[in-house]
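Grab your viewer and a coffee. Here are two exercises on a sheet and a ligand site, each with a worked solution.

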Amino acid sequence: MNQFVVVANRLPVDAGPGGLVSALQPIARSSGGAWVGWTGNPGERPEPFEHEGVHIQPVELSGEDVDHYYEGQSNSTIWPLFHDAVEPPVHRRAWRVAYEAVNRRFAEATASVAAEGATVWVHDYQLLLVPAMLRRDRPDLRIGFFLHIPFPPVELFMQLPRRTDFVRGLLGADLVGFQQPLAAQNFLRLTTQLLGLHPEGERVAYEGRTVTARAFPISIDVAEIEKLAADPEVQRDAARLRKDLGGDRRLLLLGVDRLDYTKGIDQRIEAYGELLADGTISNDEAVLVQVATPSRMRVAQYQQLRERVEREVGRINGEFGDVGRAPLHYLFQSRTRAELVALYLAADIMLVTPLRDGMNLVAKEYVAARRDEGGALVLSEFTGAASELDDAFLVNPYDVDDLKRGIGAAIATGPEELTARMRRMRERVRAHDVDRWARDFLDVLG
Ligand code: ADQ
């Protein structure tokens with residue numbers, strides 16, 4: 001039995017050293033904790049095991065669960081709806097049924113490993129119903145929930161079939177954490193609209209308890225990124241990248257994203273193409289590297305995005321390229337963290353231009369990597385990160401002209417000003433790393 005339980009769609013095994021895992025693993029280990037989640041392989045049913053001092057409680061998903069709960073309700077309904085419906089959400093009854101059944105399975109697995117009075121921390125949009133299910137079975141638990149993605153405005157949320165169930169699901173928690181204050185307010189407003197509750201400030205009384213909704217902007221493992229950035233081998237790789245791409249005469253622009261329609265990759269590439277077309281930049285002066293990590297490739301909208309992006313990349317390279325010199329390097333590949341940091345160190349201008357993003361850790365990783373206080377960040381105002389990194393060149397990614405203006409401003413700004421901006425952004429990120437985020441949340445949860 002465990003005093004602290006993390007509940008997330010994926011287990012911290014084989015997941016690589018992601019920020020969430022590195023923040024929560026030490027806490028889980030030191031408090032004799034457990035982690036409830038899916039291995040990532042359909043049909044696999046490993047027995048519970050120990051991993052780096054944490055009890056691992058696997059939850060089984062069948063192939064159909066993956067189709068309906070994960071790729072369906074989670075990634076084709078909730079994900080697009082919560083990101084401003086930038087792609088139309090798809091609604092299917094069978095998906096909702098599977099989502100509820102899988103959430104029930106997660107709640108039961110959690111109840112089976114949580115000690116009397118334990119603290120349970122549930123994560124993200126795949127598990128919105130778990131807090132209420134757990135509360136019903138185990139009223140003794142302290143339950144926290146954190147949403148990693150945006151929480152939409154009331155009018156959009158109201159489109160969701162069975163919407164009240166999802167609000168009740170979250171109200172099962174004692175503390176509901178969001179990336180941004182506005183998201184917490186959206187949620188509290190819905191408790192009035194759908195359940196007639198009366199929130200006061202961050203708190204709302206519900207079924208004889210008090211639920212708190214508050215922003216806890218997530219961050220990264222700054223020390224890990226700084227260590228990689230100080231590694232001579234990583235620095236050598238960064239220098240080699242610059243040399244291969246044309247040396248210091250050529251400005252290096254960089255994008256790093258999962259290939260997702262929320263990330264604004266096609267708009268970014270379009271803006272770059274226009275800058276080449278209208279002669280603001282030339283292939284001799286600049287080059288764009290876009291890393292697009294394969295993601296959710298079984299979902300139709302992601303395949304369509306891939307086709308759009310790859311067509312546009314081909315068009316731009318065809319139109320503006322030269323033999324042995326392409327204006328746009330597109331990598332549909334995953335990279336190690338060391339390779340990403342080498343790219344961050346090499347890049348003069350980092351382009352983070354999502355249409356909507358809960359936080360965006362790539363922006364913070366770039367800032368953390370720039371121990372030299374070099375580089376510039378062009379950042380969408382629709383990311384959570386924009387509230388903290390207002391020394392970036394902020395842009396509206398829906399407006400191609402504004403994207404071009406932001407990139408142009410970053411190019412035109414002198415090194416002193418860029419250093420001052422980067423220094424202030426680094427202070428912010430270094431003072432608020434992921435460890436502090438986890439401690440803040442758990443302190444309030446109590
Ligand atoms: P994501 O949508 O996945 O996260 P992001 O916050 O940028 O977006 O995190 C992506 C992570 O994957 C970063 O750590 C990045 O380094 C890594 N990554 C990206 N491309 C990679 C590649 N090619 N190879 C290896 N690693 C790569 C969701 C929400 C965000 C929120 C986070 C955390 O959508 O808004 O910031 O969760 O809460």
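Some ground rules come before the exercises.

This is a predicted model, where local features need pLDDT of at least 70, side-chain atom pairs count only at pLDDT 80 or more, and totals for chains, interfaces and linings use all residues. Residues are numbered from 1 along each chain as its sequence is written, and side-chain values use heavy atoms, with hydrogens and water left out.

**Exercise 1.** Work out the strand order of the open six-stranded sheet and find its edge strands.

*Solution.*
- Step 1: Strands here are DSSP runs of E, at least two residues long, numbered from the N terminus. Two of them pair if DSSP finds at least two bridges between them.
- Step 2: Reading across, you get β12-β11-β10-β13-β14-β15, with parallel pairing.
- Step 3: β12 (328–331) and β15 (393–395) each pair on one side only, so by that pairing rule they are the edges.
- Step 4: Check one pair: β11 (residues 286–293) joins β12 in the parallel sense over four bridges, and Leu-288 has Leu-328 as its bridge partner in β12.

**Exercise 2.** Describe how the protein holds polar contacts (N or O pairs within 3.5 Å) to the ligand, and how much of the ligand gets buried.

*Solution.*
- Step 1: On the side-chain front, an N or O atom of His-148 sits 2.7 Å from a ligand oxygen, while one of Thr-293 is 2.6 Å from a ligand nitrogen.
- Step 2: For the backbone, a polar atom of Asn-360 lies 3.0 Å from a ligand oxygen.
- Step 3: Alone, the ligand exposes 720 Å² (Shrake-Rupley, 1.4 Å probe), and the protein buries 85% of that.

Methods:
Polar contact = N/O pair within 3.5 Å; in protein donor to acceptor, adjacent residues only side chain to side chain.
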